[in-house]
Amino acid sequence: MNGIETFLLQLNLSWFLSKLLPYLLFPVMGIIVGVLVVKYFSIRSKFKRIILFILFPVSSFGAYFAYSPIYQGDFSNNSTELMMDDVYTDIGENKLTVISIPNCPYCFGAMKKMLILKDRNPSLQIEFIVCSSDSLALKWYKENSKDRISVVLANEPKVLAKLADFAFPAYVIKEGNDKLIKWRNNDFGVRALDQVESILKKNN
C-alpha cells in the first residue's frame with residue numbers, strides 16, 4: 001500500500017478504485033505532458049509528435065509501475081464459503097478475524113492494511129488471533145495494533161491453523177449463524193476488502 005493509494009482511500013474511494021486509478025491517471029498525465037512539450041517546442045513533425053505521444057504515457061505508466069508493481073492477488077477476491085462448525089469457537093460474529101502466527105512477515109504486513117481498514121471504518125471490529133500458546137507471541141501485534149485492533153491468543157490454535165489451511169494470514173468472517181467466509185492471503189486483494197466493508201457495514 002503506497003502513499004498515493006492511501007491518499008485515495010482517505011478520500012473515501014473504494015479499495016478497488018484506489019488501487020486502479022493511479023495506473024490509469026499516470027498515462028493520462030503523460031499525454032498531457034506530451035501535448036505541452038509539443039506546443040512549447042512547436043514540434044511540427046508528425047513522426048516526432050507520435051513518438052512523444054507514445055513515449056510520455058508509456059514512460060509515466062512504467063515509472064509508476066516500477067514504484068508500485070502489481071503483484072499476484074492484488075485485485076483478487078477468491079473467497080471460500082464454509083459451514084459453521086462448533087469447533088470454531090474463536091470466530092466471533094460481525095468482525096473480521098485475521099488468523100496469524102508468531103514472527104510471520106506476511107501477518108505483520110496485514111496489520112498495516114487492517115489499520116487503514118479500521119481508519120476508514122472506525123466501528124468495524126477487527127481481531128488478530130495468534131495461533132500459539134505463548135503470550136510473548138502477542139508482543140509485536142499488540143505494540144503495532146495501536147490499541148485499535150484486538151489481539152488475542154487462540155483458544156484452539158490447531159483448529160484455527162487447520163481452518164487457515166496452514167497458510168498465514170487467513171481472513172475469516174462469520175456471516176449469520178451457519179456460514180464462514182474465508183480468504184487466503186493471496187486471495188485477499190482490493191476487491192475482497194471492498195466485500196469485507198460491505199458485509200460488516202451491513203451487519204453492524
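**Close-up views of strand S2 and the largest pocket**

**View 1. Lys95 of strand S2 has Gln125 as its bridge partner in strand S3.** The crossing between these strands belongs to a β-α-β crossover: from S2, the chain passes through helix H4 (residues 105-120) to reach S3, and the crossover is right-handed. The model shown in this and the following views is a predicted one. S2 and S3, the latter spanning residues 125-130, pair in the parallel sense over six bridges.

**View 2. Strand S2 also pairs with strand S5 (residues 170-175), here in the antiparallel sense.** Four bridges join S2 and S5. Among the paired residues, Leu96 of S2 has Ile173 of S5 as its bridge partner.

**View 3. Strand S2, residues 95-100, is mostly covered.** Six of its six residues are buried. In a regular strand, side chains alternate between the two faces of the sheet. On one side of S2 lie Lys95, Thr97 and Ile99, on the other Leu96, Val98 and Ser100, and both sets are buried.

**View 4. The largest pocket of the model has a volume of about 690 Å³.** Its lining consists of 26 residues, and those nearest the centre of the pocket are Tyr71, Asp74, Lys113, Asn185 and Phe188. Two elements, H4 and helix H7 (190-203), each give two or more residues to this lining. H4 supplies the largest share, with five residues.

**View 5. The lining of the largest pocket combines nonpolar, polar and charged residues.** Of the lining residues, 12 are nonpolar, eight are polar and six are charged.

Definitions and conventions:
Residues numbered from 1 in each chain as written. Predicted model: local features only at pLDDT ≥ 70, side-chain atom pairs only at ≥ 80, totals over all residues. Heavy atoms only, no water. Buried < 20%, exposed > 50% of the residue type's maximum accessible area, 1.4 Å probe, protein only. Pairing = 2+ DSSP bridges. Right-handed = clockwise from strand over helix to strand, strands pointing away. 1 Å grid on protein atoms, 1.4 Å probe; cavity = no way out; pocket = protein on both sides within 12 Å on 5 of 7 lines; lining within 4 Å. Points joined across faces, edges and corners; volume = space filled by probe spheres on them. Nonpolar A, V, L, I, M, F, W, Y, C, P; charged D, E, K, R; others polar.
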